Amino acid sequence: MPDYSWPPMDKRQVMGKRLNRLDGVAKASGKAKYSSDLNPNGLIYGALLTCPHAHCTIKSIDINEAKAVPGVTSIRVINGAGKEMQWRGAEIASVAATSESAANDALRKIKVEYDILPHLVKEADLSKVGPRARPSGEQVTGDPDKGFSEAAAVSEGIYGIPVITHCCLESHGQVVRWSGDQIDYWPSTQNVSAIGGDLAKALQVPVPNVSVDMQYMGGGFGSKFPADLWGVEAAQLSKESGGKPVKMFLDRATELSIAGNRPSVFGKVKVGAKADGTIVSWQSETWGSGGMTGGGLNADLFPYVFRGIPNRKVNHTAVSLNLGSARAWRAPNHPQQAYITFSALEDLAAKLRMDPIDFFRKNMDAVRKDFQPTYQRQIAKGMELIDWKKNWHQRGDSGSGQWRRGLGIGFGTWGGLGHDSKCRTTINPDGTVEVEIGSQDIGTASRTMIAMVVAETTGVDYTKVRVKLGDSHYPTSGASGGSTTTGGVSVSSRKSAVNALDKLFERVAPLLNATPDQLEARDNTIRVKGDPSRSMSWAAACQKLGIEKITEMGENVGRNAAKEGLITQGVAGVQMADVSVDIETGIVKMNKLVIVQDCGLVVNPKTAESQAYGAGIMTICAALMEERITDQTLGRVLNADMEFYKLASINDIGEIVVHMDIHPDMDKRGIIGLGEPVAIGGLAAIGNATANAIGVRVPSLPLTPNRVLAALNGKGGLA
Amino acid sequence: MSSTKDRTPRGPSSPPEPPETESVKSNFSRRGFLQGAGAGATVLSTAALLTEQEAAAAPPPVTGPGAVEISLNINGSEMKANVEPRETLLDTLRNHLDLTAAKRVCDRGTCGACTVIIDGKVMYGCTVLAIDAVGRKIETLESLSAPGHKPHPIIQAFVNNDAQQCGYCTPGFVMASKGFLDRNANPTYEDVKKGLTGNLCRCGTYMGIRKAVLEAAQELKTGGNRA
C-alpha cells in the first residue's frame, strides 16, 4: 500500500506556502476565455422570451411575424397555449438569429396573449399569505413552557433576512453546438463532470455524445449545477439552425429573476435564561420562501450551533410565492439560521446586561463538544483582533454623538468533506507532469491547489505542473458545491501523483543502487533518502522512461476518506463586527470585520484568505444593502438589475481581518473545505454590532437607513 | 457611491469637451462630486441645445438602421466592423472583433466589467455606441499585454495580491486601475478606495485590489513602467 499521507507540516515544500494562482495572469490580462467569451466559427445568438406576469395562463402565442425577422434561424415555443406560468421570468419561447439584435427583434414580434391569475410575491407578513403557507408542524424537546416560567430573563423578538440573489457576474448560459450526433457544450457551470449527462438526459441522446469544456467561469455560488432549460433550448436551437453553435446567456434582469436566490427566513423567537446567563428555553416560529417551491427549512436546526438547550419548541412554515425558485447559496440555510439565532441570543444577553462574549462562553456546553475548545480559542483571537475589551460597551451606551459605535459577534459551522473525485497523473519522458481531472476552478484556485499537491508529491516546480480540468473527458470529479472540492481533488491528485511517482521510482531505483522505497523526490531531483549524493535530476530520471510515459489514477471516495486521514470534515468559525451608525441618517458604516476560521490543513493560505475576504464582503453586502425587492401590485421584482440590487463597492466594506486557524492541532486533521463556513457568522455579527451601537434591534436585514431610523423611532418591523 | 467615471460619451461631431469638473480632478469628496455632477449637467444641456441648432441648419447624415462598416482605432490599430448603429462599443468588441477582455455584466453602466479607456478617459463600453467611438482612441485590456513581455505591472500586482477569484470583474478593474493611476500616480490607500467605486465585484476581491493598486503604483514609479 503506497504511502499517501501528507508530509509533516514542517517538512512540506509547497503546500502551506502563500503562492500566486497559476491562472492569475490569464484572468487579469483578459486572455482567459470564459464560455461567454467563446466565438466559434458560424456562431449565432440565442435569446429567451420570458413571462411578464407573476401568474397567468398563456391564451395564445403567435410566432409567424417573428419568423420573418431577417437573420432568424429558429424559433421554438417552450410553453404554449394553455400553459400556466407561475412566475415572471419563466421561459415561454426561444429564438436563434445571426445577430443578438435580430434575436431580440424577433422576441418583440412574438405575440402572446395571457389570462392573468392571482399572485403572491411577498412573505414578510405571514398573516397575509393565506393558503400559501405550509407549516412543517411543531417539534418540541423537553418542556419549553416550564423552562420559560423558571427563567430569570426572557427575551422576545422578531428577526428577518430577505431573499438575496446570486447575481453571478457571468450570467447563466452556454455556447452549444449540436451537429450530427455530436453536441459540443461550453457551459458556465460548477459541475463539469455531470452537467453533460444532465443535458444528454433532457435531449434524450446518449451521454457520450455530449462533450463538455469549460476553462473559466464567472461566479456560481451554488446556482450553477444543472444544464437548465436554457441549456436544453440552446442545444435545440443549434440543431434546428443546421448545427451552428448558439451562444445564449441570460440578460441581467432574467439572471436576477430566475437563475437562483437564497430563501428568506423570518422569525418570532422567545428565549429564556437563568440569572447567570445559562439558556434554559428556546421557542421559534419561523417562515420564509424560496419561490414557488416554498422555502423548506428544517425547523429542528434552530437554535444554531448552541443546540444543547434543554427545552425547545420550533416550527417552520414554507411560503410558496410566484417568483423564481431558490437554489443552493453558499452554505445553504446556515447564514439565515445563524442570523436569527445569534440575534435572539444577543438580545437576551443584552437584557441580562451581560457581555455577549461572557454569555456565549457561559453556554459553551450547549455546543458540540469537539468544537468547544476551537470556539474558545477563536473567540479569544477575535477579541484580540477587534480589541473587544476596549471597544465593547453595554447595549446603547455609545455616547451622545451623531455617530454611535458598536461591536457584535456571530458563529458558524460547516462539514466540508471532500467529494468523490478521480484524477489521472502522467509523467512524460521529457519530464513534464500532466494532471487530468474532470473538476473545475470556479475562482477558488482549484487549478493552483491541484498543482501544489502534485508539486509537493513529485518535487517538480508547481508552475510546471500542467493541470488540465474543465473537460468531461477527464476522470470524473464532483461538482463544486458545499465546500467539497479542495478536499476531493487534493486526495485524488495526491494519490495519482504518488502512484505515478512510485512507478518512476521502480524504473530508476536500480540506477541509484537503491530500492524504490528508499527514494524520495524533492527539488526537481530523485535521491536516496538520507544520502543526497546518490541522486539524479528529475529530467534525467524521466528520460529513462524511453518512449513510454507513466500514467496512474488516484481516487477519493468520500465515505472512506475519514479513515485514510487525508481529509476530514467539521469546522468552526467566529466572526466579529465593529460598526458605526449615524443616528441622524440611519447609515451603518463598517469599521472592521474579523474572521477567525479553522479549515484543517490549509493548502494555500493566500487563496484561502481570499475565500474568507470574499465571504466577508458578501456578508457585508447582505447585511447592509442587498435585497430582492418585490411589489405585490405589479407582481414583480423591482430591482432585477445592478443599479438597485445593491452590492458593496470597494469603499463600502471597512477593513477586514482574516485569521486562518493554522497550527499543528488543526493541520493534523487534514484538508477541509472553506468556501461555506466563512460565509455564515458575519450577518449576526453586523446586526448585533448595530444593536449594540444604537441600543435597539433592527429586526430585518439589510440594515438600510430607513430600517435603522424606523427602529430608532420604535417602529422596527419585518418589512 | 461616487464614481469618477465619465458616463456621457460624445460622438465625433460632438462639441468640445467641457472643462474638467471637480469630480474628474480627483477631488473625491462627495460634495465635490455633487457639485461636479451639477456643473456637468449644465454643460451637457447647453451642448444638447447647440447640437439641435446645428442640426436644424444642416441635418447630419443618417446612419442605419442597417449595419454599416465602420473603422475603430483600437489599441493603436484600425479595425473594421459591420455594426448596426444601435450596437454598443462593448458588443462590437466582443461579438465582431473577438476582443473579449471587456465583459458584459449589467449592460447599463453600473458595474464596470466593460471598462475601456477612450481618448484617455475611463468609460463603460456598454454606454458607448460603436458608431460614436469612430475617430476616437480606444484602449482595451488587450493593449496591456505585449507578446514576449512580462505582464504589465498592474496585471502582475493583481496576481501578486490575489485580487481576483472568478475573475470576471477583473479585466474591468485592471482598466479602471490603469485610468486611475494615469490620473493619480501617487495614490494613498484612501484614494484607491474612493477612486475605484465605479466597478463591482461579486466574489469579494476588494481587499486584494486595494493592495494591488498601491503595489502597481509603486512598481510603475520605480521602473516597471512600460505602459
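This is a short tour of one strand, some aromatic pairs and two charge-over-ring contacts in chain A. Keep in mind as you click around that the model is predicted.

**Stop 1: strand β5**

Start by selecting residues 91-97 of chain A, which make up strand β5. Is this strand enclosed or open? Seven of its seven residues are buried, so the rest of the structure largely encloses it.

Now bring up the strands it pairs with. Show residues 44-50 of chain A, strand β1: six bridges join β1 to β5(A), and the two run antiparallel. To line them up, pick A:L48 and look across to its bridge partner in β5(A), A:S94.

Next, add residues 72-77, strand β3 of chain A, which is also antiparallel to β5(A) and joined to it by five bridges. Here a handy pair to label is A:V72 and its bridge partner A:A97. If you turn on side chains, remember that in a regular strand they alternate between the two faces of the sheet.

**Stop 2: a stacked pair**

Time for aromatics. How many aromatic pairs does a search of the whole structure find? There are 15 over all chains.

Select A:W282 and A:F302 to see one of them: the ring centres are 6.5 Å apart and the planes meet at 10°, so this pair is stacked. A:W282 belongs to strand β17 (residues 279-288), while A:F302 is in the loop between β17 and β18 (311-319), so the pair ties together parts that are 20 residues apart in sequence. A:W282 has a relative accessibility of 0% and counts as buried; A:F302, also with 0% relative accessible area, is buried too.

**Stop 3: an edge-to-face pair and its cluster**

Move on to A:F306 and A:F411. Their ring centres are 5.3 Å apart and their planes stand at 75°, so call this one edge-to-face. A:F306 sits in the loop between β17 and β18, and A:F411 in strand β19 (residues 403-414), so the pair ties together parts that are 105 residues apart in sequence. Both A:F306 and A:F411 are buried.

Which residues join them in a cluster? Extend the selection to A:Y304, A:F342, A:F359, A:F360, A:F371 and A:Y375: ring pairs link these with A:F306 and A:F411.

**Stop 4: charges over rings**

Finish with two Arg/Lys contacts. Select A:R447 and A:Y216: the arginine lies over the face of A:Y216, 4.7 Å from the ring centre. Then jump to A:K589, whose charged end sits over the ring of A:W403 at 5.9 Å from its centre.

Note on methods: Residues are numbered from 1 along each chain as its sequence is written. Chains are lettered from A and ligands numbered from 1 in the order in which they are written. This is a predicted model: local features need pLDDT of at least 70, side-chain atom pairs count only at pLDDT 80 or more; totals for chains, interfaces and linings use all residues. Side-chain values use heavy atoms; hydrogens and water are left out. Buried means under 20% relative accessible area, exposed over 50%, partly exposed in between (1.4 Å probe, protein chains only). Helices (H or I, at least four residues) and strands (E, at least two) are DSSP runs, numbered from the N terminus. Two strands pair if DSSP finds at least two bridges between them. Rings of Phe, Tyr and Trp (its six-membered ring) pair if their centres lie within 6.5 Å; planes under 30 degrees apart count as stacked, over 60 as edge-to-face and the rest as tilted. A charge sits over a ring if NZ of Lys or CZ of Arg is within 6 Å of the ring centre and within 35 degrees of the ring normal.
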